[in-house]
Amino acid sequence: MQDQQLAKGQETLFDAEEMVLNMGPQHPSTHGVLRVILKLDGETVVGLDCDIGFLHRGVEKIGEADTYAMITPYWDRLDYVAAVSNDLCYVEGVEKMLQVEVPKRAEYVRVILTELQRIASHLLWLGTHAMDIGAVTVLLYCFREREEILKIFEDFIGARLTAHAFRIGGLWWDTYPEFEPRVRDFLKILPGRIDEYETLLNANRIWLQRTVGIGILPAEEAINLSLTGPALRGSGVKYDVRKAQPYSAYADFNFEIPVGENGDTYDRYLVRMEEMKQSAIIIEQALDGLPEGPVMAKVPKIIKPPVGEVYHSIEGPKGELGVYMVSDGTGKPYRMRIRPPSYINLQSLKRMSIGHLVADVVALIGTLDIVLGEVDR
Amino acid sequence: MQAILTTLLFVAPDWVVSLTRERRPNAFWAEYVVWPLIQIVVVLFIVLTLVAYLVYLERKVSAFMQARLGPMRVGPWGLLQPLADGIKLLIKEDIIPIKADRAVFIVAPIISVVAALVVLAVIPWGATWATIANVNIGLLFILAVSSVGVLGLVLAGWGSNSKYSLLGALRSSAQMVSYEIGMGLSIIGALMFARTLSMSGIIDAQRLDGMWYLMFQPLGFLVYAISALGETNRAPFDLPEAESELVAGYHTEYSGFRWALFFMAEYSAMIVTSAVAVTVFLGGWMLPGVTGTSLFGLGPISNPTLHTFASIIVFAGKIMLLIYAYMWFRWTWPRYRYDQLMELGWKWMIPAGLANIVLTGIWYVLALPKSQGGVFGLMQEERGRLIPNRWAGIVYFIVTAFVVTIPIVWGLLVTINRRSRDFNLHDQRQLQMQLRRERLEKMLQEQPRPAETGVQ
């Protein structure tokens with residue numbers, strides 16, 4: 001009898017009310033302008049809703065109005081902490097339509113830059129994720145290493161954040177003379193620095209308590225939610241576009257795909273840490289085998305792909321980043337559709353959060369590694 | 001009247017007495033009006049300056065830990081930064097939210113800062129005249145008054161009329177009340193040895209016993225140090241102001257100097273808890289080899305004023321060491337979650353404190369002189385109180401504390417927490433995974449899928 005009443009939510013000593021807490025869009029740890037509406041019972045989350053679109057710029061619609069070459073810089077601004085990866089996806093998509101053969105050297109340099117970008121993106125993720133959980137020092141350490149990568153970008157591309165690295169058909173410039181030694185220098189310091197983060201976090205009791213068993217997604221559930229990237233691999237699914245459908249020059253390199261076991265926040269953390277090490281291995285192989293030659297294929301000044309459609313996807317730092325384009329034979333795409341990994345991964349937030357506490361929601365937003373530029377497009 | 005006051009206050013130095021020689025009766029004015037006022041002004045001035053510079057120090061320490069420089073712009077090495085911060089906070093617009101409860105909103109920071117500053121009166125900053133009031137229940141006074149500070153936080157959270165503030169205040173009140181119990185329990189073991197609650201009495205007892213109570217009470221010190229972190233809302237227990245979740249916790253709606261008052265309260269609470277730890281466990285103003293009359297056996301210190309100044313420096317140095325440890329923890333460790341924090345408080349700190357009291361009591365009774373019913377007879381009476389026999393007694397207490405008490409208490413805590421959620425993380429993970437699977441299967445079977453708690 002009493003149990004039934006308790007189940008109905010009556011017969012409590014005081015009037016118990018569920019509180020609706022509006023987290024964001026201006027909030028320190030929603031990683032941008034994400035608005036999360038939480039329904040709280042005490043501190044336990046019983047309901048969660050994401051309100052997105054505060055950063056909507058209509059990139060897909062802009063794609064229909066601009067020529068193929070003009071669209072590229074807009075892709076830098078999708079996932080603004082991994083601009084180079086975004087460029088690679090779009091540029092390769094257009095090349096697929098044009099059926100252009102990109103020179104080997106350009107492919108290798110693209111791989112080097114993209115993997116550097118993956119390391120930079122994961123460093124930023126690690127820093128903000130750790131800061132959300134309260135370990136502020138890791139953030140500053142991560143920024144120190146990310147700075148090195150950004151300096152390499154700056155000298156090669158001219159920009160640090162929205163690095164417009166690639167052109168349709170290859171690269172605009174060849175690498176500068178110090179490029180190779182500088183990347184090698186960075187690779188030399190990176191393992192030691194990753195050890196530093198792992199010393200701070202891996203065996204840290206508080207870090208373990210905050211991440212182990214939090215936001216568990218079994219493999220089936222992760223697939224049902226169509227997660228990709230480290231969020232999926234943390235659940236133990238060995239799916240990586242670089243291996244599944246090798247693009248660019250990835251078929252030439254040997255590397256492992258790290259996977260987790262339990263699909264909790266800690267496993268996703270381990271997967272990303274291991275991915276950074278694997279990226280370093282890829283870069284080293286690419287530098288060793290960097291061929292000489294031109295960096296730009298013969299591409300017409302005005303790009304008019306043949307009538308048809310294309311879907312191309314790459315393994316971005318956040319997951320499978322895809323582009324679907326329909327060409328009607330003119331200089332502008334008839335339709336451009338982006339598959340943003342952040343947006344799709346974000347859909348699992350509700351599934352993971354319910355039943356956890358407010359503090360875990362912050363950790364879970366962090367573990368998904370979302371970037372609102374990409375979510376809202 | 002005068003008798004009570006004499007027991008409360010230390011005798012003023014001669015120069016204060018001579019300062020008030022025009023007044024009659026001379027002694028009363030000198031000792032109960034002029035001298036305490038001088039002490040209060042000096043202590044407040046020094047502590048508040050210290051608070052301002054602790055903020056600077058914290059920024060510098062964190063900067064050096066994080067491979068950056070910290071404040072460098074205002075003055076040489078940014079030394080004038082606290083001043084600039086203070087001026088900025090003073091001339092900021094004073095914002096009180098329209099929906100806030102005005103009176104409560106205004107009163108809350110005042111309660112906080114007053115509670116934090118009043119306890120400075122009984123801290124034994126140095127030997128002889130360096131304490132404002134030598135209350136014979138000094139330690140109890142500190143515990144009692146500093147817990148009033150919780151009220152300030154609760155009122156701030158409630159009066160702000162903001163959800164973040166409310167959550168922060170709920171967290172902080174629960175946290176501070178819980179950790180105060182552990183803190184109170186942890187010092188009882190040391191009090192058994194000291195047999196007094198007077199702050200300078202405790203230091204004196206450590207001198208007579210010939211050993212800092214850290215050695216007799218390592219577990220008590222550990223529990224105290226952790227509870228003190230929780231009590232002062234410092235990382236890794238800084239949940240009430242967890243920036244990543246609650247923006248700024250209970251002081252989200254505060255700005256300008258009201259906010260600075262909360263900050264002041266937090267840092268002076270740090271100083272106070274460190275001072276208590278130094279007094280109870282770390283031998284106060286004593287250093288090994290330094291006594292009131294000699295310096296490492298090199299020669300006698302004949303000047304009592306010099307001795308007092310030296311004692312103040314030693315005391316402050318020990319406090320600064322502890323505060324550095326506070327900062328070190330803050331910039332190294334992640335933050336606990338609310339339920340884990342409560343678990344640590346109730347399932348680890350309080351049982352450990354209680355077990356420590358019981359075990360210390362047993363060791364103490366066993367060591368009593370045989371005439372008083374003890375078994376080992378390792379204590380002797382000296383100047384009206386029991387002290388451990390030289391060496392044999394001291395070694396006995398140290399060995400029992402380190403070799404027997406700590407393993408027993410550890411075993412007890414493991415027994416209590418074996419099945420708790422965070423103790424065995426591996427099993428916990430498997431269990432949750434299984435639960436998740438079952439829920440998923442159930443969800444897939446049920447058709448149509450139940451609408452999951454939509455908020456909007």
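## Close-up views of a predicted two-chain model

**Figure 1. The two domains of chain B and where they meet.** In this predicted model, the domain assignment splits chain B into domain 1, residues 1–84, and domain 2, which is made of 92–296 + 304–425. Look at the seam between them: 19 residues of domain 1 of chain B are in contact with 18 residues of domain 2 of chain B. On the domain 1 side, helix α3 (residues 26–65) of chain B gives the largest share, 14 residues. Sorted by class, that side of domain 1 of chain B has 16 nonpolar, 2 polar and 1 charged residues.

**Figure 2. Two helices crossing in chain B.** Here helix α10 (residues 218–231) of chain B meets helix α14 (residues 338–367) of chain B; their axes come within 10 Å and cross at roughly 145 degrees. The crossing of α10(B) with α14(B) is left-handed. From α10(B), the residues to find are Leu219(B), Gly220(B), Val223(B), Ile226(B), Ser227(B) and Gly230(B), and they meet Gly345(B), Met349(B), Ala352(B), Gly353(B) and Asn356(B) of α14(B). Taken together, the contact of these two helices has 5 nonpolar, 6 polar and no charged residues. A word on confidence while you are here: within chain B, α10(B) has the highest mean, at 88, whereas helix α1 (residues 2–8) of chain B has the lowest, at 51. The average pLDDT of chain B is 79, and 82% of the residues score at least 70.

**Figure 3. A hairpin in chain B.** Strand β1 (residues 379–382) of chain B pairs with strand β2 (residues 385–388) of chain B in the antiparallel sense, over 4 bridges. To get your bearings, find Met379(B), which stands opposite Pro388(B) in β2(B). The hairpin has 2 residues between the strands, and Arg383(B) takes a positive phi near 50 degrees.

**Figure 4. The β1-β2-β3 sheet of chain A.** In chain A, 3 strands form an open antiparallel sheet in the order β1-β2-β3. β1 and β3 of chain A each have a single partner strand, so one side of each edge strand is left without a neighbour in the sheet. On average, neighbouring strands of this sheet are turned by 20 degrees against each other, direction ignored. Between β1(A) and β2(A), which run antiparallel, there are 5 bridges. Leu21(A) is a handy landmark, standing opposite Leu38(A) in β2(A). Helix α15(A) packs on the sheet and touches β2 and β3 of chain A, with its direction at about 150 degrees to that of β2(A).

**Figure 5. The β6-β7-β8 sheet of chain A.** This view shows another open sheet of 3 strands in chain A, ordered β6-β7-β8 and paired antiparallel. Its edges are β6 (308–315) and β8 (333–339) of chain A, each pairing on one side only. Neighbouring strands of the sheet are turned against each other by 10 degrees on average, direction ignored. β6(A) is joined by 8 bridges to strand β7 (residues 320–327) of chain A. Among the partners to look for are Ile314(A) and, in β7(A), Leu321(A). Helix α4 (residues 83–98) of chain A lies across β6 and β7 of chain A, running at about 150 degrees to β6(A).

**Figure 6. Where chain A meets chain B.** The contact takes 44 residues from chain A and 35 residues from chain B. Elements that each supply at least two residues on the chain A side include β1 (19–23), β2 (35–41), β3 (44–51), α5 (104–133) and α15 (358–368) of chain A. By class, this side of chain A divides into 25 nonpolar, 9 polar and 10 charged residues. For the complex, the predictor gives an ipTM of 0.76 and a pTM of 0.81.

Definitions and conventions
Residues numbered from 1 in each chain as written. Chains lettered and ligands numbered in written order. Predicted model: local features only at pLDDT ≥ 70, side-chain atom pairs only at ≥ 80, totals over all residues. Axes fitted to C-alpha atoms, helices over the stretch in contact; angles between N-to-C directions. Left-handed = near helix turned anticlockwise from the far one by under 90°. Contact = placed C-beta atoms within 7 Å. Nonpolar A, V, L, I, M, F, W, Y, C, P; charged D, E, K, R; others polar. Pairing = 2+ DSSP bridges. Domains from an automatic or database assignment. pLDDT = per-residue confidence, 0-100.
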